[in-house]
Amino acid sequence: MAQAQAQQVYRCGNQYSTESCGKGKVVDVSPPVRNLDSAGSAQVFLCVSNSGGRFWSPDHCRERGALVERIEAVPGGLSWEQQVQIADQQTRQGYAVQRQAMEQRGAATAGVTAGDSSRCAHWNQQVEYYDRLARQPQSGASQSWIAERRKEARDQQFRARC
């Protein structure tokens with residue numbers, strides 16, 4: 001069985017060639033290698049439609065005209081229903097961790113007294129940071145994330161009585 005030998009590709013400045021040039025560098029053009037465990041893995045996308053509805057998809061959300069909210073890695077050898085069930089569970093766990101972190105942050109600022117200028121300055125900086133970030137070109141999902149973080153910072157300002 002004869003194996004086809006891959007042809008060398010050289011980068012010469014901004015051009016690529018199969019012929020060597022003076023200071024050209026060899027470019028690796030071998031196909032990428034995927035490292036999968038024995039059962040394989042798959043991605044399940046939690047999509048948000050334009051009307052605000054959420055649904056799971058085996059394909060990227062943009063193929064269905066929607067935005068990605070989350071991407072969960074699941075075992076590949078399972079049925080679609082089992083993959084969705086696992087992705088749902090992972091998503092709930094992720095949201096629970098986020099909620100717990102937010103509650104801990106809220107408890108940490110609950111004892112702040114009115115007029116605590118260092119705390120107020122911190123939250124003002126956070127709001128300004130998210131405002132600057134929102135003015136940059138971002139995807140819709142990124143803008144939503146930024147808006148949520150900005151709202152959290154504004155809520156903390158209110159709790160701190162700034």
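**Note on the disulfides and a small sheet**

1. At 12% relative accessibility, Cys 120 counts as buried, because the cut-off for that class is under 20%; its partner in a disulfide, with the sulfur atoms 2.1 Å apart, is Cys 162, which at 46% is partly exposed. This is a predicted model, and in it the pair links distant parts of the chain, with Cys 120 in helix H2 (residues 117-134) and Cys 162 in the segment after helix H3 (140-159), 42 residues apart. The torsion about this S-S bond is -95 degrees, a left-handed link.

2. The structure holds 3 disulfides, and when the bonded cysteines are numbered in sequence order the pairing reads 1-2, 3-4, 5-6.

3. Cys 47 and Cys 61 are joined with an S to S distance of 2.0 Å, and this pair also links distant parts of the chain, from strand S4 (residues 41-48) to the loop between strand S5 (54-57) and S6, 14 residues apart. Cys 47 is buried at 0% relative accessible area, and Cys 61 is likewise buried at 0%; the torsion is about -85 degrees, so this disulfide is left-handed.

4. Cys 12 and Cys 21 form a disulfide with sulfur atoms 1.8 Å apart, left-handed because its torsion is about -105 degrees. Cys 12 is partly exposed at 22%, as is Cys 21 at 25%.

5. Cys 12 also has a bridge partner, Gln 15, in S2, where 3 bridges join S2 to the antiparallel strand S1 (residues 9-12). These strands belong to an open, antiparallel sheet of 3 strands in the order S2-S1-S3, whose edge strands are S2 (15-17) and S3 (25-27).

Conventions. Residues numbered from 1 in each chain as written. Predicted model: local features only at pLDDT ≥ 70, side-chain atom pairs only at ≥ 80, totals over all residues. Heavy atoms only, no water. Pairing = 2+ DSSP bridges. Helix = DSSP H or I, 4+ residues; strand = E, 2+ residues; numbered from the N terminus. Disulfide = S-S within 2.5 Å. Buried < 20%, exposed > 50% of the residue type's maximum accessible area, 1.4 Å probe, protein only.
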